[in-house]
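Please open the model in your viewer and keep the selection tool at hand. The stops below are meant to be taken in order, each with something to select and something to look for.

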Amino acid sequence: MDAATDTKLPADAEVLARLVVARHSCRGYLTTQVPHATIETMLRIAQGSASWCNSQPWQAIVTEGEATERFREALYAHATGNRWEDQKTRPEQPDFAFPARYVGIYKERQRETGWALYRSVGVTHGDREASGRQMLENFRLFGAPHVMIITTEEDLGVYGAIDCGAYVANVMLAAQSLGIATIAQAALAGVSNFIRAHFDIPAERKIVCGISFGYADPDHPANGFRTTRADLGQVITFAT
């Protein structure tokens, strides 16, 4: 296991390491609904997330059944009607600015991940039409039967969003522990005005991201690849 050390891990650490390694961004789902009680269990676990001054800034809308289908249909129509495949022509902006650019190792990682995904679904290099169709799957929620929309309070600024990031990570690990697949979607934050209107979210609640979730389709080709992780030496400096 990549997350393990040379010595045997304590039982709790071994479980956590296994969940962290097993979790991946699922891009193909079965239509089976996750039982409501299971969703509540996932959310109760994640509610223990740490936050600055225990502010717990996250609030979420969770769709089930027909609510997911109404949102999926409206979202995809909105996205395709506004050419969301082209970042430069977006008429909307996210509540929290997307990265200005990826350079150096960050660009390398972005490209590695993108082309691994494209290869898994049969998109060839330079096929912009096919890559655009795959990008638009974000707005179909990758076929997931549920989605969470995560928001934070405007007055809490970037640190409210950071706290929500910790919550998102814990939601996904809790989901993994329950056999539920997830994908965190920054793409949904790019249509924040549409989402706010669709769910009647107050203006002071800022959209951080979405999490689509359900049971993974083991036969979907997009679920056949995994991203890599940098070695500790590339990201950690020990000061002694």
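Which residues in α1 meet Leu-173, Gln-176 and Ser-177 in α6? To find out in this predicted model, select helix α1, residues 11-22, together with helix α6, residues 157-177. The residues of α1 that meet those three in α6 are Leu-16, Leu-19, Val-20 and Ala-22. When the residues of this contact are sorted by character, five are nonpolar, two are polar and none is charged.

Stay with the two helices and turn the view to follow their axes. Two packed helices are described by the angle between their axes and the distance between the axes. Here the axes of α1 and α6 come within 9 Å and cross at roughly 100°; with angles of 65 to 115 degrees counted as roughly perpendicular, α1 and α6 are therefore roughly perpendicular to each other.

Next, select the sheet, which is open and has four strands in the order β1-β2-β4-β3, with antiparallel pairing. Look at β1 (59-62) and β3 (181-185), which stand at the edges with a single partner strand each, so that one side of each is left without a neighbour in the sheet. From one strand to the next, the twist averages 25°.

Now narrow the selection to β1 and to β2, residues 146-153, which run antiparallel and are joined by four bridges. If you pick Ala-60, you will find its bridge partner in β2 to be Ile-150.

For the last stop, add helix α7, residues 192-199, which lies across β1, β2 and β4 (205-214) and runs at about 80° to β4.

Methods. Residues are numbered from 1 along each chain as its sequence is written. This is a predicted model: local features need pLDDT of at least 70, side-chain atom pairs count only at pLDDT 80 or more; totals for chains, interfaces and linings use all residues. Side-chain values use heavy atoms; hydrogens and water are left out. Two strands pair if DSSP finds at least two bridges between them. Helices (H or I, at least four residues) and strands (E, at least two) are DSSP runs, numbered from the N terminus. Axes are lines fitted to C-alpha atoms, for helices over the stretch in contact, and angles run from 0 to 180 degrees between N-to-C directions. Contact means heavy atoms within 4.5 Å. Angles under 35 degrees count as roughly parallel, over 145 as roughly antiparallel, 65 to 115 as roughly perpendicular and the rest as oblique. Ala, Val, Leu, Ile, Met, Phe, Trp, Tyr, Cys and Pro count as nonpolar, Asp, Glu, Lys and Arg as charged, and the others, Gly among them, as polar.
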